[in-house]
Amino acid sequence: MSAPVSPAEGVWARVIGQPAVVAELRAAVADPAAMTHAWLFTGPPGSGRSVAARAFAAALQCAEGGDGTCHACRTVLAGTHADVQTVVPEGLSIGVAEVRQLVRIAGRAPSQGRWQVVLVEDADRMTEQASNTVLKMLEEPPSRTVFLLCAPSLHPDDVPVTIRSRCRVVGLRTPPVEAVADVLVERDGVDPALAAWSAAASGGHVGRARRLARDEVARMARKAVLDVPLSLVSLAACLDAADDLVTAAQEEADEAAGSLDGAETEAVKASLGYGARGPGVSAASRGAGVLKELEKRQKSRATRLGRDSLDRALVDLAGFYRDALVLDSAGGAPPMLMHPDRRADSEELARRVGAEGALRRIDAILACRVALEQNVKPRIALEALTVALRLPA
Ligand SMILES: [Zn+2]
């Protein structure tokens, strides 16, 4: 390998606020003899697990160790490199059919790159059967194949220990707020004051910070969520708030799903020969099955997007009660807040519910997240929650 790129350059510039991780990955790229065939990228939501894994994949395929400008780097980052297979769960889980296909490819020698890389985002969503298929491959990995699995560190048990024990674990941390703000200014051209606000308001979640900085609708949605706690003065207000939260999450998900679905359906129809003159008889009967399958997949994805959107709102809410809790318990030094721009409101909340009341409400939010994960209907779970969050008279 010729002159190695510096940590702040090339593909590594994308990995924000993780100098230790970058150093470890660069060392692995520099010494192919010591290469590990399975890696597990863990870290809290928004820490950039899949970004780090993809940068690593690019550096592995690049003759310069990840300069970020060559054909290999660019195609890996764009997701079009022939020797980097990516699995992103679109529905609620990654099934065995998806994984089997991948494992077949993983068994081959790389066609042009240096490695055959398989990147699984949200590996915690693999079904048991899918996990077993991956495990079989990890037990005897082909010499040029590298598995990069990503999973949130909040649920380490979601990745079976049999898989984890075969992986080298890379732990990402929540990037510092300043590092996130810098990236928004330098890469996205965001105004420094707005960048600082967005980075602080998202608690170092890079993707969230970028959305808050760029999208007025996202800022309004966050405000609506954080306005909820002090609005819960009556049973009617609680039910209204639950309705608003569910509706907002559904609208956000429908919009995201709609933009994905349309293009996808068109592409599938085109591939089936649905032209201006309409499909032939055989294409139509063949197409009906394919389109039905696609519809099923899109429905599953819409459900997941809705759940993710609602979960983001619940995380914001929990952060708000957590702020009230630390403000009520803080002695000397001013505490670090999750929502520093809403300090006056969390102080007011602390006065009204106290530390114990805030703690009880955080528990209620966590219970609501569990209920949603267990498929309780969102409206029912949210109504139970907002009633539990109601302010004392
Ligand atoms: Zn390169």
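**View 1. Four residues hold the zinc ion in this predicted model**. Welcome to the metal site, where the zinc ion is coordinated by the SG atoms of Cys-62, Cys-70 and Cys-73, together with an OD atom of Asp-67. These donors sit at 2.1 to 2.3 Å from the zinc ion. The angles that the 4 donor atoms subtend around the zinc ion run from 97 to 116°, so the arrangement is tetrahedral. If you would like to find the site in the sequence, look for the donor residues in the spacing C-x4-D-x2-C-x2-C.

**View 2. A closer look at two of the zinc donors, Asp-67 and Cys-73**. Asp-67 has a relative accessible area of 21% and is partly exposed, because buried would require a value under 20%. Cys-73, in turn, has a relative accessibility of 0%, so this residue counts as buried.

**View 3. Asp-122 in its loop**. Here we move to the loop that links strand E3 (116-120) with helix H5 (128-139), where Asp-122 is found. The relative accessible area of Asp-122 is 17%, so Asp-122 is buried. Leaving aside residues up to four places away in sequence, Asp-122 touches Arg-49 and Arg-304, as well as Pro-89, Ile-94 and Cys-150.

**View 4. The two assigned domains of the chain**. Domain 1 covers residues 10-171 and domain 2 covers residues 235-389, according to the domain assignment. Between the C-alpha centres of domain 1 and domain 2 there are 28 Å.

Methods:
Residues numbered from 1 in each chain as written. Predicted model: local features only at pLDDT ≥ 70, side-chain atom pairs only at ≥ 80, totals over all residues. Heavy atoms only, no water. Donors = N, O, S within 2.8 Å, 3.2 Å for Na, K, Ca; no water. Tetrahedral: all angles 85-135°; square planar, octahedral: opposite > 155°, others 65-115°. Buried < 20%, exposed > 50% of the residue type's maximum accessible area, 1.4 Å probe, protein only. Helix = DSSP H or I, 4+ residues; strand = E, 2+ residues; numbered from the N terminus. Contact = heavy atoms within 4.5 Å. Domains from an automatic or database assignment.
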